[in-house]
Structures are given as C-alpha cells and as structure tokens.
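The report that follows takes up a sheet, a helix that crosses it, and some overall figures for one chain. Please keep the structure in view while reading.

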Amino acid sequence: MAVRQALRRAGGRLLATQGAMAPAALGVAGRGLSTSAEPITLEIPVPFKGHNVEPPSRTVETSAQELTEFFRTMFVMRRMEIAADSLYKSKFIRGFCHLYDGQEAVCVGMEAALNDKDCIITAYRDHCTHLGRGGTVLEVFAELMGRKDGCSLGKGGSMHMYNKKGGFYGGNGIVGAQTPLGAGLAFAQKYLKVEGVTLAMYGDGAANQGQLFEAMNISALWDLPVLYVCENNHYGMGTAEWRSAKSPEYYKRGDYVPGLKVDGMDCLAVKQAVKFAKEYALKNGPMVLEMDTYRYHGHSMSDPGSTYRTRDEISGVRQERDPIERIRKLLLSHEIATVAELKQIEKDAKKEVEDALSKAKESPSPDSEELFSNIYRKSYGAKSYGADRKEVVVTLP
Amino acid sequence: MLGVFRHQANGARLIVSKFLGQGKGGCSVRRPFVHASPLSRGMADVAVVADKMNVRDALNSALDEELTRDPLVYVMGEEVGQYQGAYKITKGLLEKYGIERVRDTPITEMGFTGIGVGSAFYGLKPVVEFMSINFAMQAIDHVINSAAKMLYMSGGKISVPIVFRGPNGAAAGVGAQHSQCFAAWYGSCPGLKVLMPYDAEEARGLLKAAIRDPDPCIFLENELLYGVEYPMSAASKDKDFTLPIGQAKIMREGKDVTIVTFSRQVEIALKAADILAKDGISAEIINLRSIRPLDRPCINNSVRKTSRLVTLEEGWPQHGVGCEIIATICDESFFYLDAPPERICGADVPMPYAVNLEALAVPTMDDIIRIVKRCCHRGRAAA
C-alpha cells in the first residue's frame with residue numbers, strides 16, 4: 001500500500017525503481033529505496049526573517065534522492081564526530097578538538113545549493129565542513145591523529161583541514177580571521193570572473209570581531225560575492241550570546257549589508273537560503289546569513305558543555321530540533337524509505353566510519369623529514385635548524 | 001572606463017570617469033569616479049627606467065612592469081590609487097591599470113590585509129601596501145597566522161604568493177609609534193621572506209623578485225631613501241631584471257673587520273669605511289638584502305677572512321637582527337674571531353621626537369667609527 005502511494009506521488013518513473021524497494025534488494029547498492037529525482041515540494045516550518053531584504057519563499061523543492069542523501073551524509077558526519085570524541089578520550093587525538101554534532105544541517109544544506117565554483121572558509125569547527133567539500137572520513141581521522149594520510153599530512157591537526165581543489169580554505173584557528181580571508185576569496189572570484197560565491201563562516205562568538213566589520217565594509221563597497229554565514233549556536237565557548245553581544249540579532253549586524261535569519265537545524269531551509277543568497281551575491285554583493293543552530297558537545301573536548309547551559313536545554317534541542325531526526329521524519333512520512341531501510345543506511349554509514357577509523361589508525365606518523373617540508377614553495381637553498389643546530393641542519397626542499 | 005572632460009572653475013581639467021556598478025546586472029547606482037588628469041596635475045605618469053633613478057621611481061617601475069607582465073598581480077592599500085600613493089610609490093598606476101588592479105582601501109589594515117591574503121589563497125598575487133609598516137601591526141595576525149604559516153599547516157596545499165610592502169623603521173621626527181623597525185620580528189618567522197633593499201637598483205630587483213615569488217614576502221623599505229638617486233646598471237633596466245632572494249651583497253671588500261648591515265645604514269657604513277681606511281682599517285661591508293632567508297655563508301666566509309664582526313642596524317637591540325648574525329658566527333666561525341663581536345643598534349628606547357634625542361636614538365657615523373676601532377683594539381677600550 002505504502003509503495004503504491006509513493007509511486008503515485010513520484011510519478012511513473014518510479015516504476016523503474018520498484019525493484020529496488022524490495023527488501024531482498026536492500027544492502028546491495030547501499031542506497032536502495034527511492035532515489036528518485038522527481039521534485040517534492042515542501043514548506044519550511046520556521047519562517048525566514050529578513051533584514052533589508054525580502055526573504056525567499058518558504059516553499060522549497062527537493063527530491064527523494066536529495067533527502068536520502070541529506071540523511072546519509074549527516075549520519076556519517078554525526079558518527080564521525082562521535083568517533084572523534086572517543087578517539088580524543090583515548091588520547092589518539094591531542095590538543096584541540098571542536099565537534100560539530102548538532103550543526104550538520106548547516107554544511108549539508110549549504111552544499112545542496114553550491115557547486116565546485118563556490119568556496120567555503122570556516123573556523124576551527126571544520127571536520128564536517130571539510131567532508132562536505134569533498135574530503136574523506138579517512139583523511140579527517142588521520143589528520144586528527146596526526147598521521148601521514150591526514151589531509152594536511154598530519155601537520156595541521158583538527159583546526160587546519162584544507163581542500164583547495166574542492167574550494168575549501170579551512171580550517172582557521174584565529175577567531176574571526178577567516179572573515180576577511182573569505183572576502184578575499186570572493187574578491188579573487190570576481191577578479192577572475194568566476195561565477196561563484198564564497199561562504200565565509202563564523203560563529204556567534206566571532207560575530208563581534210572588528211575585522212568582520214572591516215571585511216563587510218569593503219565587500220559591500222566593492223560588491224564582492226561573499227556570504228557571511230553566522231553559525232549561531234548561541235554560545236561563544238562558555239559565553240552565551242546575551243552576555244557577549246549587545247545585539248545578538250546577528251543577521252542584522254551587517255547594517256547596510258542585508259541579512260537573513262534561517263533555521264539552521266533544517267537542511268531545506270539552509271539550502272533555500274543559500275540558493276537565494278548566492279543569486280543575490282553574484283549580482284549585488286554581500287549578504288549575512290544567520291543560521292540558528294546548536295552544538296551538542298561543549299566548545300571543545302576540554303569543555304563538558306554543561307557549566308553554562310542546562311542538560312535539559314541540550315536534550316530538549318536534541319528531542320525537538322535534531323537535524324537528522326527531522327529528515328528521518330520526512331523520509332518516513334513521505335514514504336521515501338521504511339524504518340528498515342533507514343536502519344540499513346545507518347548501518348552502512350557506521351561501517352563506513354569504522355572502516356575509515358581502522359584504516360586511519362594504521363596510517364603511520366609523518367616521517368621526521370616532514371618537519372621541514374612546506375615552509376616555502378621556493379627555498380633558494382635556505383637552511384633550517386632543529387633544536388640541536390649542530391645535529392639537525394636541513395637545506396629546505 | 002568612459003572619459004568625459006569637464007572644466008573646473010579654475011580652468012583645470014578633470015577627467016570624470018563613470019563605471020557601472022560591478023557584478024552582473026549592475027547596481028542601479030552609477031558612482032562618479034574623479035581623478036586628476038595628467039595635464040592638470042603633471043604627475044600621473046609611471047616612472048621611466050633610466051641611468052639614474054631614485055628609490056621611489058625604481059619601486060614604481062618594478063610595480064608597473066610586474067602589473068603588465070602578470071594579470072594576476074594587483075596593488076592594494078590606503079591612498080595607492082587616486083592619491084597616487086602616500087609616498088608616491090604607486091603614482092600613475094591607477095591611470096594605467098584601472099580600478100580593478102589598483103585598489104584604494106579604507107583605513108582598515110586588518111580587513112584589507114585579510115582580503116589580500118584570502119585572494120592569494122585563491123591564486124591572485126596581491127601587493128599590499130602599508131602606509132607604514134608600523135600599521136601592519138594591526139594586521140600582523142594575517143601576515144603571520146594566515147599567510148606565513150599556511151603552506152605548512154595545509155600540508156603544502158595552499159600557497160600564498162603575496163607581497164606586503166611599506167616604509168619601515170626610523171624616519172625623521174615621526175615619533176614613537178611611526179618609527180619602529182620590524183626586521184627582527186618578521187625575520188624570526190618561518191614561512192615568511194623578509195627583504196630590505198638599500199639602493200634603487202636593489203629596490204627594483206628585489207621587489208620584482210618578491211612579486212614573482214610564490215611565498216609571502218614582506219618588503220621593508222626606508223622612507224628616507226625614497227627620494228635618493230642612485231646609478232642604475234644596464235642589466236637592471238631590463239623588464240625581467242630580478243635580484244636573488246636570500247643572497248647578501250658585499251658592497252666593499254676589506255680584510256680587517258666585517259660590518260654586516262642593511263637598508264639605510266649601508267650608505268652610512270660605506271662612508272664610515274672610507275674614513276676608517278684613512279686610519280688603516282680595511283672594513284668589509286656586507287649588505288644583507290635578505291633578512292630571511294639569511295645569507296649565512298656570505299657572513300661566515302667574510303668573518304673567517306677578517307676575524308672581526310660588527311653588526312649594524314637601526315632597530316632595537318634586544319633580540320635584534322644583530323643577535324642572529326652574532327649567533328650564526330658563534331655557531332660556525334667562533335674560533336676565527338680575534339675579538340668579541342660588537343652590535344650597533346638603535347637605542348633601547350621608544351623613538352623620541354626632539355631632534356637632539358632622535359639623533360641619539362639611531363646609530364651615527366661617529367658611532368660606527370668608534371665601535372669599529374674598539375673592535376680592532378684601537379681607540380678607547382671597551383668598558
């Protein structure tokens with residue numbers, strides 16, 4: 001009965017995929033179920049709020065394929081971050097580790113509206129953003145553990161993941177620095193007449209940084225195609241937004257730069273907003289997008305995350321606004337997938353993450369020579385020294 | 001750009017250029033853009049390479065040639081465009097290359113430096129001017145954390161072909177906040193290249209090399225030298241003339257003592273060397289040109305020949321460039337020394353304003369002569 005309803009909704013083309021919905025076919029292709037690209041129209045529950053701009057429509061077009069992909073990708077991201085939590089506690093990861101679980105809808109929704117001509121730059125909570133731009137779970141884990149197969153050869157760590165080919169510029173440890181850097185990326189896109197935008201992401205903590213306003217001023221003056229995406233998870237480390245910002249309406253803080261407030265826990269709302277903003281930016285210049293989101297973990301692994309907010313608040317958000325659960329409900333209510341099929345997706349995702357983890361654990365540490373690599377592109381025979389200058393002298397490669 | 005001539009009340013002609021709002025579809029607002037015509041101002045011309053040039057024109061010619069050579073190069077900074085440059089280094093460039101490539105910025109160093117670095121991540125080759133390198137301190141996070149360290153942190157994925165340039169160090173009467181020398185601070189950073197030209201030929205050759213270099217370079221000029229003329233060699237007039245990064249130059253050969261210096265003090269050291277020669281002291285003068293990478297072989301070979309070392313700089317003494325030079329000699333050539341090395345530096349004070357105090361804060365020729373003699377065990381003994 002359910003299958004026939006789905007077919008009616010999706011149209012005749014689904015007949016071809018009917019076989020894929022049979023339980024026997026599950027687990028073979030890894031996706032199975034309805035991967036139809038037929039449009040499904042949905043209403044975004046939480047309205048957008050506009051500042052100096054008319055918000056986009058709440059009616060968004062998606063498809064079974066897209067919703068399934070949202071679910072799968074966010075689930076992989078969630079598992080990856082939770083695995084990173086365990087890795088940190090077992091001391092495989094050192095230093096700083098800032099986890100993104102809860103915020104997955106932002107980077108996944110963004111990617112649905114972007115292409116390879118667009119660029120993203122973000123701060124230190126970058127593992128999932130890196131994945132969204134084409135990174136692999138293996139290279140994230142290996143980087144976190146400081147191994148050779150890490151995306152930065154093990155030399156960057158949690159906060160320094162990059163993928164230039166994929167248009168991902170990190171991975172930045174200094175709060176707020178990525179905002180003028182992002183405006184610079186947009187400057188280059190415009191200079192080279194590339195039909196793309198840059199999303200410069202920052203948090204509610206960074207939203208008060210002076211250089212953000214310097215970047216906004218110049219990008220508005222020069223009409224740069226940059227979107228300032230504020231991932232407002234309501235806490236800048238341990239400081240709640242009402243304690244750090246006189247005006248926590250971050251989408252309005254651009255003043256002359258128009259802004260949009262978006263439910264950042266809803267992939268489709270994020271997708272709609274970014275699609276709208278990208279079209280705007282390519283013609284007119286910068287826009288601010290405030291994504292109302294939430295992080296389940298503390299600021300970093302050394303922060304329990306419960307000294308400045310209540311456990312009820314955290315579990316409340318998880319209960320009512322979790323981005324993965326939202327998509328799950330959509331997939332089930334639109335009969336795109338059954339409970340069993342979703343369980344299979346979850347199982348496959350867990351396996352993907354576990355396989356990547358074991359492979360990453362096998363990856364060796366970088367060779368000692370790597371201490372001196374990539375200081376310069378062109379070294380002119382310059383020398384560099386280790387702690388013992390007599391023993392360790394290297395002509396830079 | 002469309003040009004429309006309009007007569008001003010005083011008869012001077014202004015070119016009023018209009019341009020469409022940038023971006024597809026265009027802004028609804030057409031912003032008028034006014035700049036002085038060459039006829040009314042007589043100064044909006046780029047420098048012509050000649051047998052004698054001042055440092056300002058030499059820098060200008062380097063920027064001009066590199067802007068022509070590579071469309072990815074662009075210039076950005078305060079007053080670089082319409083004002084023709086606070087120190088006229090960028091004169092004529094806006095008229096020749098247009099607003100896309102010669103960008104006037106608001107007074108927001110951290111913002112525009114970040115933008116420059118971000119554009120270099122993508123692949124452009126910005127030349128970011130700081131009106132004074134002292135102002136670069138506002139943007140130093142981007143110079144070091146965003147630019148210098150990026151290639152390393154990204155495992156070689158993202159290089160940053162950017163040049164930061166501007167006048168560095170003491171000028172004349174500009175006070176404490178405008179007189180600091182940053183050679184030592186920047187010189188300690190791996191991933192950065194630090195260049196300090198002395199004369200016009202070096203300014204031209206090193207700037208061209210820096211712009212062509214794929215790594216972040218900070219190019220420290222000297223305001224007092226901008227107007228000074230120097231002869232230019234035939235080779236230096238070529239549009240592909242560059243000087244090697246990381247190589248010092250022996251300005252004057254000698255056998256009794258090695259004086260290692262850079263920038264403006266090179267000239268003063270050369271004059272001091274003439275006077276010392278009359279007293280029978282033959283001084284070898286090394287002009288570093290490159291603070292990082294440092295030409296250690298050149299310095300060491302020289303001291304192994306002369307057995308004495310005097311370092312000379314205008315910056316602060318503690319943790320200054322001289323310290324690294326002395327350390328490198330101690331590492332590699334200690335037993336060649338016949339006397340402890342001496343360092344001549346600016347006074348260990350913020351730069352005062354009063355002219356007599358200012359004169360006490362920067363090394364003079366008399367200081368150099370006295371200290372070299374002391375190093376050579378002639379004249380007053382060391383305290």
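## Terms and model

Axes are lines fitted to C-alpha atoms, for helices over the stretch in contact, and angles run from 0 to 180 degrees between N-to-C directions. The model described here is predicted.

## A helix across the sheet in chain A

With that definition in hand, helix α7 of chain A, which spans residues 210-221, is found to lie across three strands of chain A, namely β5, β6 (226-232) and β10 (287-292). Relative to β6(A), helix α7 of chain A runs at about 150 degrees.

## The sheet and its edges

The three strands crossed by the helix belong to an open sheet of 6 strands in chain A, with mixed pairing and the order β2-β9-β10-β6-β5-β4. Its edges are formed by β2 (49-51) and β4 (119-121) of chain A, each of which pairs on one side only. From one strand to the next, the twist averages 20 degrees.

At the β4 edge, the partner strand is β5 of chain A (residues 198-203), which runs parallel to β4(A) and is joined to it by 3 bridges. Within this pairing, Ile121(A) stands opposite Ala200(A), a residue of β5(A).

## Chain B as a whole

For chain B, the secondary structure consists of 13 helices and 17 strands, and 59% of its 383 residues count as buried. Among the contacts in chain B with a separation of 6 or more, 77% are made by residues 24 or more positions apart. The accessible surface of chain B comes to about 15,100 Å², and carbon and sulfur atoms account for 55% of that area.

How values were computed
Residues numbered from 1 in each chain as written. Chains lettered and ligands numbered in written order. Predicted model: local features only at pLDDT ≥ 70, side-chain atom pairs only at ≥ 80, totals over all residues. Heavy atoms only, no water. Helix = DSSP H or I, 4+ residues; strand = E, 2+ residues; numbered from the N terminus. Buried < 20%, exposed > 50% of the residue type's maximum accessible area, 1.4 Å probe, protein only. Contact = heavy atoms within 4.5 Å. Areas by Shrake-Rupley, 256 points an atom, 1.4 Å probe, with all protein chains shown as cover. Pairing = 2+ DSSP bridges.
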